[in-house]
Amino acid sequence: MNPVRIRHDRDLTPGEICAVADDDAAVEFDDETGRMLDERRRQVVEFVESSNVPAYGFNRGFGHNVRLAVDADRAAELQRNLIRSHASAVGEPAPLPVIRAAMLMRSRSLARGHSGVRSEVPRKLVEFLNAGITPVVPRFGSVSASGDLAPLSHIALGLMGEGEVFVGDERLNAAAALARAGIEPLVLEMKEGLALNNGVQFSTAYGVLAAARLESLWRTACVGTSLTLQVMLGADTPWREDLHALRPHAGSVRTAAVLRALTANSPIREAHRPYDIDGEIQDPYNLRCAAQILGAARTLIDRANETFAIEANSVTDNPILLSGEDDAFTDIVSGGHFHGMPVAVDLYGLLQAAAMIASLVGARCARYVDEARNRGLGADLKWPGPTDDPEWNARQAASSGMMAPEYVAASLTNWLWGQCMPTHLFSISTDAGQEDHVSMAANVAIRAYDALPRLAEALAVELAFAAQAAAIRKRTPWLPSRARTASGEVTLDRHEVPEADRRLCEAGEAVLREIEPVFPVVTVDRPLSADLSALAALVLDGAIERCAARFGVFAAVDAPC
């Protein structure tokens, strides 16, 4: 792709952020923007030095030290000490894509021209990105107001040639890595350290990447829903367009459209349709209300994307420079744009969305193994054989089939629920009471990001059940049925159906072909851990949703709302 351009009047898109974070796309810093930054820097430095006004971040201490004046000859020392002292995070390093995304967004924020820094500061972030040098940033230690101070200070420390960095997967001393790359360390001047570590780009970076991954998992959840509906002989009437027009929540309407597309022209659905009596035989809520539940999750993802897009292109440090009476950017205003609560709320929304999806998966997996509720698929989806063969029946009694994956789904669902503690509501006063309400966005962000592999594993379990059930349907020459007799009595029966009419829709069959190599049909008991893990890797990589997308089934969410 073309280089991602940092310019004062151009917004970054979530796709560009992900491209730089995940795929190492090149970044280009606009020269006109650089000239604007340097002119505004000249204006504010001249103003502060000539007027000697008390200016937070320029000639005053930080936090509760705001009353302490700092001599002009120590202004740069103040900035260096700020970064060194605040680089105090702990724990394992944050994922490299997260840090790259944070660096890109920090450069964009500074490029707006309201932070009072030299153009060299955002350019240095871009230089690191293009050189593949990523500061080592421990994950824990931010309360996300005033900004993600500790994580962003670790990034700034790397720019200064201190601390450690990753070059590719190699972890090196920063000074040595910069010398090897021929990059000069950044020498901070007045206000520039504060400009680098005030903001919630660390939390937002987690959010942008988590939302992109959850978008893919949501689509895979729609695919899993469509497969389960077909193999469970469910009704697609709850997804009718005219029905959802009566309660037109955007998430539900668009989700129902996706689910209709994912089940359109399904042979097995059409074969069973005459035997369904809508309003009398109702599917469980995990299918009948899928559009409403997945639609609510969809709305949370969409809202998070909107919030993160705003945040990625905002000015978030403190103080902020605004235009004064003479149009010079010398009006130094202290505000609270570094506070992470707007981001924390929608990071939590991602956790809620993941938990909703997992709840559906758990309910469906419980139904798959229940012979009384899975409409003729047998106990634990054991591979069917001749019912009159005593040896086969004896083997079935000694088999567990797919009993255990249902436990796995329950465990994963419970784990995801456990991540949904609303810690952004639990503010702890910091900085001697000066910062008496903090957002804790970073802690929510880390959990939202970490939840996604577990959700992928849960979705993989449902896909494995659906694939096994589809294979059983094709092997069994009949489908169970319920029908109303002339006298009004509902009868339970079975009807013969050709194998061609026991197949899934075209997109569903393509997905089954994608699943089969990594999760073959379970005909005899075998360890399933490796197979489920391999399928989960496909889910997390987006392979399942990309397979279904070839059939145009996501048009309702790909098009503008």
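Select Arg375 and Met232 to begin: the Arg375 side chain comes to 3.4 Å from the backbone oxygen of Met232. The model on display is predicted. Keep Arg375 selected and add Asp283, whose side chain is in polar contact with the side chain of Arg375, also at 3.4 Å.

To place this residue in the fold, display the secondary structure. Arg375 lies in the loop that runs between helix H15 (341-368) and helix H16 (390-397). Is Arg375 buried or exposed? Its relative accessibility is 17%, and it is classed as buried because the limit for that class is under 20%.

Next, move to the loop between strand E8 (320-322) and strand E9 (331-333), and select Asp326 within that loop. Asp326 has a relative accessible area of 58%; it is therefore exposed, the threshold being over 50%. Which residues form a negative surface patch with Asp326? Extend the selection to Glu325, Asp327 and Asp331, which together with Asp326 make up this patch.

Finally, go to the start of the chain and select Met1, in the segment that precedes strand E1 (4-6). With a relative accessible area of 70%, Met1 is exposed. Add Met105 to the selection and draw a line between the two C-alpha atoms: Met1 and Met105 are separated by 104 residues in sequence, and by 19 Å in space.

The stops may be revisited in turn: the side chain of Arg375 with its contact to Asp283, the negative patch that includes Asp326, and the exposed residue Met1.

Key:
Residues are numbered from 1 along each chain as its sequence is written. This is a predicted model: local features need pLDDT of at least 70, side-chain atom pairs count only at pLDDT 80 or more; totals for chains, interfaces and linings use all residues. Side-chain values use heavy atoms; hydrogens and water are left out. Patches are made of residues with over 30% relative accessible area and no salt bridge: like charges are joined within 9 Å, nonpolar side chains (Val, Leu, Ile, Met, Phe, Trp, Tyr) within 5 Å. Accessible areas come from the Shrake-Rupley method with a 1.4 Å probe; for residues, only the protein chains shown count as cover. A salt bridge is a side-chain nitrogen of Lys or Arg within 4 Å of a carboxyl oxygen of Asp or Glu. Lys and Arg count as positive and Asp and Glu as negative; His and the chain ends are not counted. The place of a charge is taken as NZ of Lys, CZ of Arg, CG of Asp or CD of Glu. Helices (H or I, at least four residues) and strands (E, at least two) are DSSP runs, numbered from the N terminus. Buried means under 20% relative accessible area, exposed over 50%, partly exposed in between (1.4 Å probe, protein chains only). A polar contact is a pair of N or O atoms within 3.5 Å; within protein, one must be able to donate a hydrogen and the other to accept it, and residues adjacent in sequence count only if both atoms are side-chain atoms.
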